[in-house]
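Visitor: Could you take me on a close look at one part of this protein and then work outwards from there? I'd like a connected story rather than a list.

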Amino acid sequence: MVKSVLEYLENSAARFPDKKAVADDKSSMTYSELVNNARNIAAGLLPYTERRQAVPVYMDKSCHTLALFMGAVMAGCFYVCLDPSQPAERINMILETLEAKLMVVDEKSAKKQAKLGFDGHVLNIDELMTHEVTEEENEKLAQIRSEALDIDPLYSIFTSGSTGVPKGVIVNHRSVIDFIDCFTDTFNISENDIIGNQAPFDFDVSVKDIYSTLKCGATIQIIPKQLFSFPTKLLDYLDDNNVTTLVWAVSALCIVTTLNGFEYKVPSKINKVIFSGEVMPIKHLNLWRKAYPDAMFVNVYGPTEITCNCTYYIVDREYELDETLPMGKAFPNERVFLLDDDDNIITESQPGTTGEICVSGTAVTMGYYNNPEKTDAAFVQNPLNNKYNEIIYRTGDLGYYNNDGLMCFSSRKDFQIKHMGHRIELGEIDMAINAVDDVVRACCIFHQDANKILGFYEGAADKKTITHVLMQKLPKFMIPQEFIQVESMPITKNGKIDRKLLLENYIGGENA
Ligand code: AMP
């Protein structure tokens, strides 16, 4: 039984020592180099760490970052990737939550780090990587390894909290192994794959890239983030690096199609496109499928708190613009179910009935680091089980079954509004606007103070046409009171439409 993700790395290093494990635009590491670098780093960390302690990694993603993740784990710790471009205040809140005693920087991030006011140890990645391991350190590392448990934490990823204080989801080896084994089997990921990494390393979509690679002996090709502003360069990069697999945020896929990237080039090796994070607009999915008629397209769903994803749907037919793309079925060894407002289960025999999506299984994470209140609010005893302890995660997302028994995403609970006495899922309006000709992407927001629904959209369509089309599809109370054309949708760092910024710009602008 695989107990630690380090076994993924070591098994692949034994099978393919000289194969490229990880590459970025500047450098690469083979499997044996990755193991050796990680071991040097682990030994270098020993004087500064205790077991199960956080190792904050304050640097941009690169081959070195991955070596550092593995080194932290070999030292018996868990890693927390922090993005140096984030405001110092947020980074400091995270360091405080972690009670961090050290952090690791690279040459580029050192200057920014110096401004944080952090009073623990600051270690440099280059020095750690060139540390020479002594016999004594080797023995210590072996002892750490032999005493490790699969429920020891592997990483923490901080998501934005509703109070403004970030919450650190804490994830153990067992959850990741449980999920990655299913993920790689279900989508036939193998040593022949080159995975084009889009997601930041402090976002859990990257967990799929990293551990699918290490488990299968594949290669992770880190894509420089600036390429996502230049689709032609991005497509060249994917083609030049023979990328086969994309595990990307929906918005990243939409960037390519919005700017008609495929008219320039269709990278030749891509055969798997797995997307998540938001509802995939059918218009964009269809353009991708047209470019890759033989590739596998998969809609995967789930929050960080359940380790990446809990449901998947392999697209098996053409979808019309006004159809809903399902999120499908649960991955093996996960139970995904719907509860109504009174905590009664909603079954597949009640298609169309909406409830909160709840998840049970080994991949449910250990809660929020150093935050028992928030943990207890979301990670709760299964209300359907009063016989033994069974912790489930309440996602705060709403879903329903379609007529084929497949789960579909409705909206976040927060996006379900009461307007003019009606319960409205804003996602349903988004979908209707998205289907209008010449709309590239749409997003509706409820403006609480003004008591109106705002329909933001990108594309050349005129407002009259949109209203006219919507009148044919939606009840009057669901038609936005105002349409706002934007040049391009603001996107958060994690690749979702930035609703907060859209509304702020609206309120701050002349529309207010
Ligand atoms: P995160 O924890 O940042 O990955 O965000 C998870 C949230 O993104 C989920 O709770 C959903 O609200 C949304 N989400 C993730 N995947 C999908 C999907 N395939 N379709 C619609 N919404 C999604």
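Guide: Let's start at helix α11, residues 250–258, which is mostly covered, with seven of its nine residues buried. This is a predicted model, so keep that in mind throughout. The buried set in α11 runs through V250, S251, A252, L253 and C254, then picks up again with V256 and T257. What do those buried residues of α11 pack against? Quite a list, actually: the helices α10 (231–240), α12 (261–264) and α13 (282–291), plus the strands β11 (245–249), β12 (272–276) and β24 (441–447). After α11 comes N260, and its phi is positive, near 50°.

Two of those packing partners, β11 and β12, take us straight into the sheet. They run parallel and are joined by five bridges. If you want one pair to click on, take A249, whose bridge partner in β12 is S276. Zoom out and you'll see that β11 and β12 belong to an open sheet of nine strands, ordered β2-β1-β10-β9-β11-β12-β13-β14-β15, with mixed pairing. The edges are β2 (28–30) and β15 (329–330); each has a single partner strand, so one side of each is left without a neighbour in the sheet.

Now follow the sheet order from β12 towards the β15 edge. β13 and β14 pair in the antiparallel sense, over four bridges, and here Y301 stands opposite T311 in β14. That same T311 also stands opposite A330 in β15, where two bridges join β14 to β15, again running antiparallel. Have a look at the side chains of β14, residues 311–314, while you're there: T311 and Y313 make up a covered face, whereas Y312 and I314 make up an uncovered one.

β13 is worth a second stop, since it brings us to the ligand. The ligand is surrounded by 15 residues, and the closest are N299, V300, T304, D397 and K496. Which strand gives the largest share of that shell? It's β13, with three residues. Both β13 (296–301) and β21 (407–412) supply at least two residues of the shell each. For polar detail, check N299: one of its polar side-chain atoms lies 2.8 Å from a nitrogen atom of the ligand. The backbone joins in too, with an N or O atom of G277 lying 3.0 Å from a ligand nitrogen and one of E278 lying 3.3 Å from a ligand nitrogen. As for coverage, the ligand on its own has 500 Å² of accessible area, and the protein covers 90% of that.

Back to the sheet for a moment, this time at β10 (219–222). In the loop between β10 and α10 you'll find P224, and α10 is one of the elements that the buried residues of α11 pack against. Is P224 buried or exposed? It counts as buried, because its relative accessibility is 11% and the cut-off for buried is under 20%. Leaving aside neighbours within four places in sequence, P224 is in contact with D25 and Y237. P200 is 24 residues away from P224 in sequence, and the two C-alpha atoms are 10.0 Å apart.

The other thread from α11 leads through β24, which the buried residues of the helix also pack against. β24 spans 441–447, and D430 touches A442, C443 and C444, along with R499, once residues up to four places away in sequence are set aside. D430 itself sits in helix α15, residues 426–434. With a relative accessible area of 10%, D430 is buried.

Just before α15 comes a neat little hairpin, built from β22 (416–419) and β23 (422–425). The two strands pair in the antiparallel sense over four bridges, and K418 has R423 as its bridge partner in β23. There are two residues between the strands, and M420 in the turn has a positive phi of about 50°. The side chains along β22 alternate: I417 and H419 point to one face and are buried, while Q416 and K418 point to the other and are not.

To place all this in the whole chain, the protein is divided into domain 1 (5–222) and domain 2 (419–508). Taken over C-alpha atoms, the centres of domain 1 and domain 2 are separated by 39 Å.

How values were computed
Residues numbered from 1 in each chain as written. Predicted model: local features only at pLDDT ≥ 70, side-chain atom pairs only at ≥ 80, totals over all residues. Heavy atoms only, no water. Domains from an automatic or database assignment. Buried < 20%, exposed > 50% of the residue type's maximum accessible area, 1.4 Å probe, protein only. Contact = heavy atoms within 4.5 Å. Pairing = 2+ DSSP bridges. Near = heavy atom within 4 Å. Polar contact = N/O pair within 3.5 Å; in protein donor to acceptor, adjacent residues only side chain to side chain. Areas by Shrake-Rupley, 256 points an atom, 1.4 Å probe, with all protein chains shown as cover.
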